[in-house]
Amino acid sequence: TAYVTRLIKEIEPEKIRESESALLNLQNQDGGWGYNNLVSSDADSTANALLVLKDTLEKEKYNKAIKF
């Protein structure tokens, strides 16, 4: 979701809010994101999510993700 959102951000800005909301709901308890909801957090997925959410993510959730 994060990777695709980064790609479409320039093309379809109206779709971004939906993708951002989905990403926020998929953040794991450890602060990171995984490739999908069946796997644990990993650095690549977390980095992609942070690139997408950097302007909208609550500071607390952002800091938790950075610590991951």
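Which residues make up the largest nonpolar core? In this predicted model, that core has nine residues: Ala-2, Leu-23, Trp-33, Ala-49, Leu-50, Val-52, Leu-53, Leu-57 and Ala-65. Helix α3, which spans residues 43-53, gives the most to this core, with four residues. As a general background, nonpolar side chains tend to be buried together in soluble globular proteins.

**The overall layout**

Welcome to the wider picture. The protein has four helices and zero strands, and its elements run α-α-α-α from the N terminus on. Of the 68 residues in the protein, 31% are buried. Contacts also reach along the chain: among those between residues at least 6 apart in sequence, 46% join residues at least 24 apart.

**A look inside the core**

Leu-50, one of the core residues, is a good place to pause. Leaving aside residues up to four places away in sequence, Leu-50 touches Trp-33, Leu-57, Tyr-62, Ala-65 and Ile-66. Among these partners, Trp-33, Leu-57 and Ala-65 also belong to the largest nonpolar core.

**How two helices meet**

Two packed helices are described by the angle between their axes and the distance between the axes. Here, helix α2 (residues 16-26) packs with α3 at an angle of about 135°, and their axes are 10 Å apart. Why is α2 called oblique to α3? The reason is that angle of about 135°: it is over 115 but not over 145 degrees, so it falls in neither the roughly perpendicular nor the roughly antiparallel class. The crossing of the two helices, α2 and α3, is left-handed.

Which residues come together where α2 meets α3? From α2 there are Glu-20, Leu-23 and Leu-24, and from α3 there are Ala-49, Val-52 and Leu-53. The residues of this contact divide into five nonpolar, no polar and one charged. Several names are already familiar, since Leu-23, Ala-49, Val-52 and Leu-53 are listed in the largest nonpolar core as well.

**Three residues to find in the structure**

Now let us visit some individual positions. Arg-6 has its place in helix α1, residues 2-8. Not counting residues up to four places away in sequence, Arg-6 touches Asn-48, Leu-51 and Val-52. Ser-19 lies in helix α2, and Lys-67 lies in helix α4, residues 59-67.

Are these residues buried or exposed? Arg-6 is partly exposed because its relative accessible area is 38%, between the limits of 20% and 50%. Lys-67 is exposed, with a relative accessible area of 73%, and Ser-19 is buried, with a value of 15%.

Each of the three can also be paired with a residue elsewhere in the sequence. The table gives the separation along the chain and the C-alpha to C-alpha distance.

| Pair | Apart in sequence | Apart in space, C-alpha to C-alpha |
|---|---|---|
| Arg-6 and Ile-16 | ten residues | 8.9 Å |
| Lys-67 and Gly-32 | 35 residues | 8.6 Å |
| Ser-19 and Leu-53 | 34 residues | 9.7 Å |

The last pair leads back to the start, as Leu-53 is one of the nine residues in the largest nonpolar core.

Terms used: Residues are numbered from 1 along each chain as its sequence is written. This is a predicted model: local features need pLDDT of at least 70, side-chain atom pairs count only at pLDDT 80 or more; totals for chains, interfaces and linings use all residues. Side-chain values use heavy atoms; hydrogens and water are left out. A nonpolar core is a set of buried Ala, Val, Leu, Ile, Met, Phe, Trp, Tyr and Cys residues joined through side-chain atoms within 4.5 Å. Buried means under 20% relative accessible area, exposed over 50%, partly exposed in between (1.4 Å probe, protein chains only). Contact means heavy atoms within 4.5 Å. Axes are lines fitted to C-alpha atoms, for helices over the stretch in contact, and angles run from 0 to 180 degrees between N-to-C directions. Angles under 35 degrees count as roughly parallel, over 145 as roughly antiparallel, 65 to 115 as roughly perpendicular and the rest as oblique. A crossing is left-handed if the near helix is turned anticlockwise from the far one by less than a right angle, and right-handed if clockwise. Ala, Val, Leu, Ile, Met, Phe, Trp, Tyr, Cys and Pro count as nonpolar, Asp, Glu, Lys and Arg as charged, and the others, Gly among them, as polar.
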